[in-house]
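Please open the structure in your viewer and keep the sequence beside it. We will go from one selection to the next, and at each stop you will read what is there.

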Amino acid sequence: MKKTLLTFAVVLAIVSVSKAQTKIPPNIEKLLQKNTCLACHKVDVKLIGPAYKDVAKKKYKPEQIVALIKKPVPSNWPGYIPMAALPNIPEDEALTIAKWITSLKK
């Protein structure tokens with residue numbers, strides 16, 4: 001019985017860790033909310049747009065991400081609804097978000 005409970009506890013812990021969401025730093029979360037990014041993107045899971053971790057895997061430079069925020073290229077993300085261009089996001093805010101996204105590839 002103890003062995004079964006221990007095995008169950010270990011499996012449950014592994015599942016919990018694997019499903020844990022990456023914590024968004026408060027300053028980044030504020031920018032993501034302000035600019036409505038979280039309506040379509042999450043850190044670890046596909047929503048309407050790709051997960052931020054999937055964007056990080058593309059190895060874009062922060063400046064490339066800023067350019068794609070302002071003028072998306074739908075062919076870069078086949079199978080997703082094309083992202084609306086967001087040219088009104090201030091450059092410094094877009095760059096802060098982009099730098100955080102690139103940090104997720106670690």
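Which residues lie nearest the centre of the largest pocket? The model you are looking at is a predicted one, and in it you can select His41, Pro50, Leu68, Pro72 and Met83, which lie nearest the centre of that pocket and belong to a lining of 28 residues.

Stay with the largest pocket for a moment, and note that about 550 Å³ of space lies in it. Its lining divides into 23 nonpolar residues, five polar ones and no charged ones. Next, colour helix H3 (52-57), helix H4 (62-70) and helix H5 (91-103), each of which supplies at least two residues of the lining; the largest share, three residues, comes from H4.

Now select H5 alone, and place your viewer's distance tool on the C-alpha atoms at its two ends. How far apart are the end C-alpha atoms of H5? They are 18 Å apart, and this agrees with the expected span, because 13 residues at 1.5 Å a residue should also span 18 Å; the expected span is 1.5 Å times one less than the number of residues.

With H5 still selected, show the side chains of Glu93, Ala94, Ile97, Ala98, Trp100, Ile101 and Thr102, which are its buried residues. An α-helix has 3.6 residues a turn, so residues three or four places apart point the same way. If you then bring back the surroundings, you will find that what covers the buried residues of H5 includes helix H2 (26-34), H3 and H4.

From Ile101, move across to Lys53, which lies in helix H3. These two residues are 48 residues apart in sequence, while in space they are 7.0 Å apart, C-alpha to C-alpha. Is Lys53 buried, partly exposed or exposed? Lys53 counts as partly exposed because its relative accessible area is 29%, which falls between the cut-offs of 20% and 50%. Select its partners as well: leaving aside residues up to four places away in sequence, Lys53 touches Thr22, Val43, Asp44 and Leu104.

Finally, clear the selection and view the protein as a whole, where the secondary structure comes to five helices and zero strands. Of its 106 residues, 31% count as buried, and the accessible surface comes to about 7,400 Å², of which 66% belongs to carbon and sulfur atoms. Among the contacts with a separation of 6 or more, 48% are accounted for by residues 24 or more positions apart.

Definitions and conventions. Residues are numbered from 1 along each chain as its sequence is written. This is a predicted model: local features need pLDDT of at least 70, side-chain atom pairs count only at pLDDT 80 or more; totals for chains, interfaces and linings use all residues. Side-chain values use heavy atoms; hydrogens and water are left out. On a 1 Å grid over the protein atoms alone, a cavity is a set of points where a 1.4 Å probe fits but cannot get out, and a pocket is an open set with protein on both sides within 12 Å along at least five of seven lines; lining residues have an atom within 4 Å of a point. Grid points are joined across faces, edges and corners, and a volume is the space filled by probe spheres set on the points. Helices (H or I, at least four residues) and strands (E, at least two) are DSSP runs, numbered from the N terminus. Ala, Val, Leu, Ile, Met, Phe, Trp, Tyr, Cys and Pro count as nonpolar, Asp, Glu, Lys and Arg as charged, and the others, Gly among them, as polar. Buried means under 20% relative accessible area, exposed over 50%, partly exposed in between (1.4 Å probe, protein chains only). Contact means heavy atoms within 4.5 Å. Accessible areas come from the Shrake-Rupley method with a 1.4 Å probe; for residues, only the protein chains shown count as cover.
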